[in-house]
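This report goes through one structure, piece by piece. Please look at the sequence and the model first.

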Amino acid sequence: MNISLVSCCLEEGNLSYPLGAICIQSALAAAKINAEHLPFTLADDPFHAATKLANMKPQVVGLSVYLWNRAWMDRFTLALRAKIDDLVIFAGGPEASANPLSFDLSILDFLILGEGEEVVVQAISAIRAGKKPQGKGIVTTLDELSWAPSPELSGLPSPLLNHHADRFLKQGASVLWEMTRGCPFHCSFCFESRGQRSVRHFPLAQLEAELELLITKQVGEVYILDPTFNMDKQRTLTILGMLAERQSDIHFVFEIRAELLDSELADAFAQINCALQIGLQSSDQAVLKTANRRFDSKLFAKKISLLNARGIPFGLDLIIGLPNDTLSAFMKSVDYAVSLKPSNLDVFPLSLLPGTLVAEQANDFSITHLREAPYTIIESPSFPKKALQQAQVLKEALDLFFTKGQAGMWLQKLSEVVSLRPSAILLSFSSFLEAYLKRSGGKAEDLDIYLLQETFVRSLMTKLGLTQYEAAMLSFIELHQGIAFFHEYEESPVLQLSYSLDALSDFEHLSGDAFLKRYPKKTQEVLGITRDADGSLLFVPLE
């Protein structure tokens, strides 16, 4: 029987790793069922993709459907069905599991709801035997929905170890590494807010073998799929110890819960090449209470300080438009997040994902949103359309000025020097950028962000009558821009500073006036950056 699995990732390159389809292919192979996997991206024309598959004359086609590829998959399915009518087509994946009623079973033969490895094998085995697929998680009519029971993870084949992922494990590639399924928390905006909240782990022996393969393949970056990697402290320490022992060049990205950090865990993270992503979402107590999240701003900041003290890069997530959220609350959340000095801030408008608590409560909170993927908020009583537009402007400024410009280590200091909140500075930058682009006729993506930041800061300090602090502030900014440049490109920048490194270290902790009193004279320095034998940074005088 000719069986094809179809995936569609966001784009070619580092975001192209179709884990769901690979897992299903691996499960079928373990059951002695061969399936061809056809990976596409959103850049591929769905009609041409359907033509390519039709020429292969498949008998059964499985679709791996996510929030981001739903529209592509819908067009692909219609095109494929028009070319081959005598064909079994089924869909699974997070989008099918969360929003089954939105699928058309006059076009599809059935849906797979829940974790699909075992039930897809069951369904395909039935088709091969000339029987109708049936059982929990196999939906042939929308009047009778059921979800597949969660499989025992130790019994699932590894798509890494059985080599079904090999074609995606290219040197320097970014891949997904699944360590855990499930989450103990029930945040209202997350898929995990419904159903069982058990946490299941893949065996440590399997993870150790998979790590060896990833190192052998020389992949560049690995995103760990575990929504709360530091939930089980001892397991976390064991895995981090395993990664540290191998000392590979792979960069690992973990999702963690800040409140669960302690010094021992922070020390362990500091031993490996990694970055952490942390869900803050909001700093407003009323907003977070509705979202089923507890939050203590002082405790959160204390835990984050463990990362900053060890130089561990981390990012924070924020959501625009949660129930009871307002523009003012969002701006305060931005200010709080910037004060923690993250390396990046990822901001998203609220998506009312089908199957989540917040989607079910949308009417209660009078939230209107898109009825199709990506289900984003349109407006709410506390966050009207105009306010959402302003929040989007602030998000875009964060993306460019803060995250792309790597301003995490100095924006808070600028805020103190000019006596403006970070959110106000970012909105001022947005207005500055609009005028700058209008004068120059250029595009934001083509600009040198570091030069743009310097030009803006000069303009802002002149406008506010604070030019006496300009040399210190710009030297402080250039120092951190140079460090960021070196980390990104492993090439030495040329730093032209108006004060010594010791002085700029003091500047971080002094007020502008106190700094000028301690350092009344400038000291011109030209420096480069290199690494010591132990990997620490060295600043080298340049002639």
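Two strands pair if DSSP finds at least two bridges between them. Helices (H or I, at least four residues) and strands (E, at least two) are DSSP runs, numbered from the N terminus. The model is predicted, so local features need pLDDT of at least 70 and side-chain atom pairs count only at pLDDT 80 or more, while totals for chains, interfaces and linings use all residues. Residues are numbered from 1 along each chain as its sequence is written, and side-chain values use heavy atoms, with hydrogens and water left out.

**Two open sheets**

| Sheet order | Pairing | Edge strands |
|---|---|---|
| 2-1-3-4-5-6 | mixed | strand 2 (36-41) and strand 6 (138-139) |
| 7-10-11-12-13-14 | parallel | strand 7 (174-178) and strand 14 (344-349) |

In the sheet with the order 7-10-11-12-13-14, the twist averages 25 degrees from one strand to the next. Strand 7 runs parallel to strand 10 (residues 221-225), and five bridges join them. Opposite Ser174 stands Glu221 in strand 10.

In the sheet with mixed pairing, strand 1 (residues 3-9) and strand 3 run parallel and are joined by four bridges. Val6 has Leu63 in strand 3 as its bridge partner.

**Helices on the sheets**

Angles run from 0 to 180 degrees between N-to-C directions, and axes are lines fitted to C-alpha atoms, for helices over the stretch in contact. Contact means heavy atoms within 4.5 Å.

Helix 2 (residues 46-54) lies across strand 1, strand 2 and strand 3, at about 165 degrees to strand 2. Helix 3 also packs on the sheet; it touches strand 1, strand 2, strand 3 and strand 4 (88-92), and its direction makes about 145 degrees with that of strand 1. Helix 11 (residues 327-339) lies across strand 12 (274-281), strand 13 (314-320) and strand 14, and runs at about 175 degrees to strand 13.

**A loop residue**

Asn69 sits in the loop between strand 3 (60-64) and helix 3 (70-83). Its relative accessibility is 0%, so Asn69 counts as buried (under 20% relative accessible area, with a 1.4 Å probe and protein chains only). Leaving aside residues up to four places away in sequence, Asn69 touches Cys8, Leu42 and Ser64.

**A helix pair**

Helix 7 (residues 233-246) packs against helix 8 (residues 263-270) at an angle of about 20 degrees, and their axes are 9 Å apart. That makes the two helices roughly parallel (an angle under 35 degrees). Lys233, Thr236, Leu237 and Leu240 in helix 7 meet Glu264, Leu265, Ala268 and Phe269 in helix 8.

Technical notes. Parallel < 35°, antiparallel > 145°, perpendicular 65-115°, else oblique. Buried < 20%, exposed > 50% of the residue type's maximum accessible area, 1.4 Å probe, protein only.
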